[in-house]
Structure formats: structure tokens, C-alpha cells
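Biologist: I'm new to reading models like this one, so could you take me through it slowly? Please put it up on the screen first.

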Amino acid sequence: MNLRDFLADLTSIRQRLHAMPEIGLAELETSNLIAECLSGWGLEVHRGFAKTGLVGRLQRGDSRRAIGFRADFDALPIAEETGLPYSSKNPGMMHACGHDGHTAMLLGAAWMLSQRSDLDGSVNFVFQPAEENYGGGKLMIEDGLFEAFPCDRIYAVHNLPGLSVGTFATRSGPITASVDVVKVVVHGKGGHGALPAKTTDPVVAGASIVMALQTILSRNIDAHDAAVITVGAFHAGGSSTIIPDTAVLEISMRALSPSTRRELRERVESIASMQAAAFGATTTFEWDLGYPVTINEKEATSLAEKVVVDRFGSERLLKLDTPQMFSEDFSFMLEKVPGAYFLIGNGDSAPLHSSSFDFNDELLEPGALFFHDLAIAHLQAQP
């Protein structure tokens, strides 16, 4: 049986996954379905990584060569509005980022490779929870993922709306940004709105911080190095006649290199503290350090690019000039094992994280073939 004969079953698996979305670290049904598929095809199934994560291992022959593939499988807290016959059956949750499709593509590759008797080496299929919220990739690593399943290289694929259906896109070096979030609390002294001289107004200090932060990108970061700082929320007070005691700013920042990431954090703290001090206020910081920069290793990227061209033709490979500014916790795995992160076009679809988004099932075949061919290319490569 070839992949074309299995596509109807694979599509059914994808749509079944879509209908049963679960939020990070609570994906029990999803994990069980993946395990059922893998064990039914004869793969070893190892569970208990990051609570709901699991690894399917296919080992043949005597070679010690090993390759890893990762797919995320958590959903988002969004009420689905697609109206599809297989739409979410779990209120307030949906697969709005295509993780159902990522999982199905990798399951398709696992099925294909399980049919082969000529493999020599190991293929580790890493199914990861909690990409959207808890950094499930990092949690799996902390639970001993790569000690239990060493990989020479590891790869992942994510769908991308707006890119033509089935086109692969990537680049060597940074491909997605880091992300960090900080809550800045400006502490002043509240009072009557008619007597501002008897107060220390945290709203004015906070407003000054917002404006001063804009100079980080224009005056501290190299003009050739992209970065983003966003003040997404500013909370203070509740009445026009009362000056509050505190103001709260919620800030996110993204960078494309570890050094710029560090500099953004340092400059945000420095500027916020000094701006507040200029008004007689003080600041406290609550940091949520998120995902690192996702950095593709050159040789691993080149091998996967060749796989795309050999299977689909050069017209199906887009070499990106610049990285994407969204973030991805596959970055944690690439800090431990060389590899690459690829994008695959979802076509003219609703955007990611939209209540009307749906993964394009036309991607199941090229996605599965990509992983299959990449496993063969790596295992058969000369040491």
C-alpha cells in the first residue's frame, strides 16, 4: 500500500484530531489516539514526557544513526466558528494553529516508514504537547527526551497561511524570533485628582515609559537587526478624579539573536526604572521569559532543502530572505540538537489563531512525504 492509498485514512485521523482539541498538558484523548495509531503500526510507544507527550520509535538494522521529527498537538482556547462537519466538540477550544495537521503529517510519515523493511537506523517521532502555552518542548527535554532518544538531527514543519499550498519555506540561521514578556508595575502615591502636587502620579510616569521604550529600537539596536517591542496593555485607576497608587504595563519583546534578546531585557528595565524615578516613582518587574530564537543549522537545512527539490522540484522551495517574527518552542530542541524548522504553505486560508482557521488537508501528502524522504536521506547518508 502506498501513501495515496492511505490518504483517506490519514485525512480521517486529521479531522478526528480537529474535532477533539485539548489545551496544553491536558491533551489526554489526543495523546491516546496518537499512541493507538503508532502501536497499531508496530512502533515502540514511550509516554510520560511533559505529562501528555510521547515518542514513537522505529528502529531497524544495526546502524546507530538516528533522526528525530517533532509535531505539536495542543489546541487554543478559542471558540471555533468554521461550521465544518468535523468542527470542535469541546466548547471554547479549537485547533486554530494547525497542530492537528502537523500531527497527522507526522503520523503519515510514521505509517509510510513502518511499511519499509530496508531501514537501517532509528527514527524518533516526537509528539509534543503545550507548544502554545507552557513550552512543552522544553518540558520534554527536562524529562530526558534526548537522553532516552538521542538524535543526530531533528526537524519540524509548521503550516503557513498565505504561502501557496504545499510550498516549503525555510532559511539557514534564525527563522523565528524569541519572545519574552514583562509586567512592569509603576508605584506612585495616589490622591485627589484636584491636588496632583500632593501625589506621585504613576499614570504620567507610565506614559513616559511607553514613549521612551520606543527609542530602544531606534537608538540601541543595530539597524540591520530586527526586533519588536510592544506595550500591549496599560492599566491604571478607575476614575477621572482619582490619581491611582499604581499603573501596570504589559510588554512583549521579540528578537532574532540571543545578544539582542538580552539587550532588550536590560534596556527595558533600565529605561522603565529611570523614567519612573524622574517622576518620583519606583518600578517592579515580573518577567516571563519565553521561547529562544529558532536557529536552523546550515547542513541540516541544506539536506532538507535537497529533499524538497528532489521530490517536488525547485519551484516548491522558497528560501526566505528574512526570518518570521512569531515564536516557536521547537527552538528549545534546536538548542540541544542540530536541525531545521520548515514552513509549508496552507494556501489562501484564514490566518493562524483565527476562529475560522482550518488546516488544509492537501498538505498531508507532501508533509508526510517530506518527513519520509528526509528520514531515508539521513539514514542512508555517508557518515
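Modeller: Let me start with a term: helices (H or I, at least four residues) and strands (E, at least two) are DSSP runs, numbered from the N terminus. This is a predicted model, in which local features need pLDDT of at least 70 and side-chain atom pairs count only at pLDDT 80 or more, while totals for chains, interfaces and linings use all residues. Residues are numbered from 1 along each chain as its sequence is written, and side-chain values use heavy atoms, with hydrogens and water left out.

Biologist: Okay, which residues does the "domain: Peptidase M20 dimerisation" annotation cover?

Modeller: According to UniProt, in an unreviewed entry, that annotation covers residues 182-273; UniProt positions are given in the numbering used here, feature names are shortened, and annotations may be inferred rather than shown by experiment. Over residues 182-273 the chain is 38% helix and 33% strand, and the C-alpha atoms at the two ends lie 13 Å apart.

Biologist: And which residues are under "binding site"?

Modeller: The unreviewed UniProt entry gives that annotation to Cys97, His99, Glu132, His158 and His353. They span 257 residues in sequence, yet no two of their C-alpha atoms are more than 13.3 Å apart, so they gather at one spot. Of these residues, Cys97, Glu132, His158 and His353 are included in the lining of the largest pocket.

Biologist: Hang on, what is a pocket here?

Modeller: The search uses a 1 Å grid over the protein atoms alone, and a pocket is an open set of points, where a 1.4 Å probe fits, with protein on both sides within 12 Å along at least five of seven lines; lining residues have an atom within 4 Å of a point.

Biologist: How much space lies in the largest pocket, and which residues lie nearest its centre?

Modeller: About 620 Å³ of space lies in the largest pocket, where the volume is the space filled by probe spheres set on the grid points, which are joined across faces, edges and corners. The lining has 26 residues, and Glu131, Glu132, Val179, Tyr291 and Ser327 lie nearest the centre. Helix H4 (136-142), strand E8 (178-187) and strand E13 (282-289) are the elements that give two or more residues to this lining, and E8 gives the most, with 3 residues.

Biologist: Back to histidine 99, is that one buried or exposed?

Modeller: Histidine 99 counts as buried, at 1% relative accessibility; buried means under 20% relative accessible area, exposed over 50%, and partly exposed in between, using a 1.4 Å probe and protein chains only. Histidine 99 lies in helix H3 (residues 99-114). Not counting residues up to four places away in sequence, histidine 99 touches Asp72, Phe73, Asp74, Glu131, Glu132 and His158, where contact means heavy atoms within 4.5 Å.

Biologist: Different topic: where is alanine 50?

Modeller: Alanine 50 is in the loop between E1 and E2, and these two strands form a hairpin with 3 residues between them. The phi of alanine 50 is near 50 degrees, a positive value in a residue other than glycine. Most residues other than glycine have a negative phi. At 4% relative accessibility, alanine 50 is buried.

Biologist: How many bridges join strand E1 to strand E2?

Modeller: There are 5 bridges between E1 (residues 44-49) and E2 (residues 53-60), which run antiparallel; two strands pair if DSSP finds at least two bridges between them. Arginine 47 stands opposite leucine 54 in E2. E2 is also joined to strand E4 (residues 121-128), again antiparallel, by 7 bridges, and glutamine 59 has serine 122 in E4 as bridge partner.

Biologist: Which residues touch the most other members of the largest nonpolar core?

Modeller: Trp41, Phe69, Phe125, Phe127 and Phe370 do, out of 59 residues in that core; a nonpolar core is a set of buried Ala, Val, Leu, Ile, Met, Phe, Trp, Tyr and Cys residues joined through side-chain atoms within 4.5 Å. Apart from this core lies another, of 26 residues, among them Phe146, Ala156, Phe332 and Leu343. In soluble globular proteins, nonpolar side chains tend to be buried together.

Biologist: Last one, is glutamate 315 buried or exposed?

Modeller: Glutamate 315 is exposed, with a relative accessible area of 61%, and sits in the loop between helix H8 (298-312) and strand E15 (317-319).
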